Amino acid sequence: MSTEFDAIVVGGGFGGIYSTYKLRNMGYNVKSFEKGPQIGGVWYWNRYPGARVDSDVPIYQLWLKEIYKDWDFKERFPGWKELREYFAHVEKKINISRNYSFNTFVASCHFNTTTNKWTVTTTGEGAGTYVCKHLIICTGFASKNFIPDFNGLDKFEGIMHHTAEWPQDHDVDFTNKRVAVIGTGASGVQVIQEVGPTVKSLDVYQRTPNLAIPMRQRPVTHEEQEVRRPRYDEVFEATLHEPCAAGFEFGFDPRSALEVSDEEREATFERLWAAGGFNFWVSTFHDVWTDLEADKYQYAFWRKKVLARLTRPELVEKLAPSVAPCPYAAKRPCLEQRYYEVYNQPNVDIVDMKATPIVEFTKTGIKTEEGEREYDIIVLATGFDAVTGGLLQMDIRGASGQTLGEKWAPNGVSALLGVAVQDFPNMYFMYGPQGPTAFSNGPTCAQVQTDFIVDLIEHVDTSGLKYADPKAEAEQKWSDTCTALQEKTLVHGTKSWYNGGNVPGKKIGAYNYIGGIPQYCRELKAEKNGKYQSFKFA
Ligand code: N01
């Protein structure tokens, strides 16, 4: 079997599947690798209780007619089981697995300056050494878990899992168990509301409350999808243009929260709250994201709504503090279904990790400064070394021999248009650094970027070129743009996975492009129409 390919794709999620499919259809000889045993990417790993997507049907899927034409989702926000079924449908339709080696981890990718090709070394079932001209890395933003360095973590003898490393061979039974959940990001919120009603007791170890929004889940029927399906191409296309933002079917209100009357503001918030999904976050007044005074109105409304659902006064300040824990727009809210009602149960408590940090894990539980509590199950919902972690866990070396980590060490992350890095010729990635990543619907981001990357690859090959490599000054300019855009928003001043602030020692910076999908698409289009002037070619 040949080990030399036109292109190698790393990852089997939306981006990996779509780029494999597109390149294959162009007649390229493509080899793809996936760490898991099947396609799906995070939706293979995500099977913790309550795991569910936060993007509305129909945008969270591959925008390929041959796939969507006879696929119906069952819920407005599909859960992990349904997403697995969806990927099985994808496989049935396009038989993408024939390009893949599964259970295979890409350990290293080295650029060879003599051949101008990449040497890719893998471990696992598809272990070997492979060579390719074009390397497309689709590891997503959340492929490296983050577990804080708690004392004695390995001493605990009960059941303990990180949400993204949930057992694949069995369900964890929470019925009548003493449970601790550490972390209240999107993963924590979903686990808590799912298992809360069944447990014997639940302690939520919280550092910052999640400013969660009602999801307003509902079934979606075959009939309603059938009505929209003939227009899906238009629907998807519309999400790439204003007034939509972030790849959703909605976008910011151009009015200022500070300039409308109190009645108008209240009515707007009520409407967005009732609409569910991310409307309250992404269709709100545009300055909620940039102006602290505007943001305070958003928080006050959110707090009022949450307080109306809480029945235990002792938890009110922990869940919805009178002073906002951070600007509303600074961190990712989770969509919730019954999250706050769980805290009305007498067997649920919150351990405030700022007031009483974890001292250590013990054989039977967790010790804080207030004493030890015993558990049967501990859930680590502590997030990810996001955006760059998945890339940096591979040994990727560019033309000069430096690793990606070394390249970024002095000044932080930089990536031209969020798809390529200078000194790493013919290497592309998506849904990663300095793309719309954290501020976009995942499949939208991956597909828009893939389309650009594939066109660029075609340009290189049809022009008889050896490689494309970003120009250093263009990359710097893009990185400065990402920084400037982030600094204009309230995301800038609050530590979170958006800016690298969730992992101790990680450089704080602009890991994402926060200018919105429509502007991002215009940037990509201008680059293509300008014959890729930000790249140098050989
Ligand atoms: O991770 P997170 P996540 N001591 O980083 C806490 C996507 N996603 O897995 O907020 C104590 O958001 C941390 O506290 P704080 C989605 O994009 C989507 O939940 O930093 N606590 C926080 O509460 C999401 O945004 C879906 O103060 C510590 C939690 O752990 C992204 O993935 C579902 C700590 C981590 O929250 C990440 O979400 C799941 C420490 N040392 C995920 N370190 C859906 O589509 C961390 N924490 C619904």
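Q: How many residue pairs are in polar contact across the interface of domain 1 and domain 2?
A: A polar contact is a pair of N or O atoms within 3.5 Å; within protein, one must be able to donate a hydrogen and the other to accept it, and residues adjacent in sequence count only if both atoms are side-chain atoms. Here the rule finds 25 such pairs, both residues at pLDDT 80 or more. This is a predicted model, in which local features need pLDDT of at least 70 and side-chain atom pairs count only at pLDDT 80 or more, while totals for chains, interfaces and linings use all residues. Residues are numbered from 1 along each chain as its sequence is written, and side-chain values use heavy atoms, leaving out hydrogens and water.

Q: Happy with that! Into which domains is the chain divided?
A: Domain bounds come from an automatic or database domain assignment. In this chain they give domain 1 (4-144 + 385-537) and domain 2 (153-380), with C-alpha centres 27 Å apart. Their contact (heavy atoms within 4.5 Å) takes 46 residues from domain 1 and 59 residues from domain 2.

Q: What area do domain 1 and domain 2 bury between them?
A: Buried area is the accessible area (1.4 Å probe) that two parts lose on being put together, summed over both. For this pair the value is about 4,300 Å², 55% of it on carbon and sulfur atoms. On the domain 1 side, D54, R76 and L490 supply 17% of the area buried against domain 2, more than any other three residues.

Q: Next, charges: what is the count of salt bridges between domain 1 and domain 2?
A: A salt bridge needs a side-chain nitrogen of Lys or Arg within 4 Å of a carboxyl oxygen of Asp or Glu. The count between the two domains is four. Have a look, too, at D171, which forms a salt bridge with R47, the closest N and O atoms being 2.8 Å apart.

Q: Which residues have the most contacts inside the largest nonpolar core?
A: A nonpolar core is a set of buried Ala, Val, Leu, Ile, Met, Phe, Trp, Tyr and Cys residues joined through side-chain atoms within 4.5 Å; buried means under 20% relative accessible area, exposed over 50%, partly exposed in between (1.4 Å probe, protein chains only). I136 and W302 have the most contacts inside the largest one, which has 126 residues. This core draws at least three residues from each domain. Leaving aside residues up to four places away in sequence, W302 touches several residues, including W273, F280 and Y340.

Q: Finally, why does T221 count as partly exposed?
A: Because its relative accessibility is 36%.
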